[in-house]
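Reader: Could you walk me through how to read this model, one feature at a time?

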Amino acid sequence: MEIDLIFKIAGVGIIVAVLNLVLKRAEREEQAMMTTLAGLIVVLVIIVQEIGGLFDTVKSVFGLW
């Protein structure tokens, strides 16, 4: 696992947290919730891509390809 993956996820989390805070202060609860959901989806896509790469590596190591 690369350290860049952790930094990407942490960066998305920090950006989403700041946007969420700003939007809640501006009394835009719906947009804050959508921002949080969008950040969650982005992180899930990143993780799914990494898991796909892991499965490809496991297949090639054990000759299941």
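Author: Gladly! Let's start with N20, keeping in mind that this is a predicted model. N20 sits in helix α1.

Reader: Is N20 buried or exposed?

Author: A residue is called buried when its relative accessible area is under 20%. N20 has a relative accessible area of 19%, so it is buried.

Reader: Which residues is N20 in contact with, leaving aside its neighbours within four places in sequence?

Author: N20 is in contact with A32 and T36. A32 and T36 both appear in the list of α2 residues that meet α1.

Reader: And T35, is that one buried or exposed?

Author: T35 belongs to helix α2. Its relative accessibility is 18%, so T35 counts as buried. Not counting residues up to four places away in sequence, T35 touches V16, L19 and L23.

Reader: How should I describe the packing of two helices in general?

Author: Two packed helices are described by the angle between their axes and the distance between the axes. Here the pair is helix α1, residues 3–25, and helix α2, residues 29–62.

Reader: At what angle do the axes of α1 and α2 cross?

Author: They cross at roughly 175 degrees, and the axes come within 8 Å. Angles over 145 degrees count as roughly antiparallel. That is why α1 and α2 are described as roughly antiparallel to each other.

Reader: Which residues in α1 meet α2?

Author: On the α1 side they are L5, I9, V12, V16, L19, N20, L23 and K24. Their partners in α2 include E29, Q31, G39, V42, V43, I46, I47 and E50. Sorted by class, the contact of α1 with α2 has eleven nonpolar, five polar and three charged residues.

Reader: What about I14: buried or exposed?

Author: The cut-off for exposed is over 50% relative accessible area. I14, in helix α1, has 56% relative accessibility and therefore counts as exposed. For a sense of spacing, I14 and G39 are 25 residues apart along the chain, and their C-alpha atoms are separated by 9.9 Å.

Reader: What separation do the C-alpha atoms of V45 and A32 have?

Author: V45 and A32 are 13 residues apart along the chain, with C-alpha atoms separated by 20 Å. V45 lies in helix α2. Its 43% relative accessibility makes V45 partly exposed.

Reader: Now for backbone angles. What sign of phi should I expect?

Author: Most residues other than glycine have a negative phi, and most peptide bonds are trans. Have a look at E27, in the loop between α1 and α2. Phi of E27 is near 60 degrees, a positive value in a residue other than glycine. With a relative accessible area of 72%, E27 is exposed.

Reader: Stepping back, how many helices and strands does the protein have?

Author: There are two helices and zero strands. Taken along the principal axes, the C-alpha atoms fill a box of roughly 55 × 20 × 5 Å.

Reader: How does the radius of gyration fit in?

Author: One way to read it is against a compact globule. For 65 residues, such a globule would have a radius of gyration near 11 Å, but this protein has 17 Å.

Reader: What share of the residues is buried?

Author: Buried residues are 15% of the 65 in the protein. As for the surface, the protein exposes about 5,500 Å², and carbon and sulfur atoms supply 71% of that area.

Key:
Residues numbered from 1 in each chain as written. Predicted model: local features only at pLDDT ≥ 70, side-chain atom pairs only at ≥ 80, totals over all residues. Heavy atoms only, no water. Axes fitted to C-alpha atoms, helices over the stretch in contact; angles between N-to-C directions. Helix = DSSP H or I, 4+ residues; strand = E, 2+ residues; numbered from the N terminus. Parallel < 35°, antiparallel > 145°, perpendicular 65-115°, else oblique. Contact = heavy atoms within 4.5 Å. Nonpolar A, V, L, I, M, F, W, Y, C, P; charged D, E, K, R; others polar. Buried < 20%, exposed > 50% of the residue type's maximum accessible area, 1.4 Å probe, protein only. Rg over C-alpha atoms; globule rule 2.2 N^0.38 Å. Areas by Shrake-Rupley, 256 points an atom, 1.4 Å probe, with all protein chains shown as cover.
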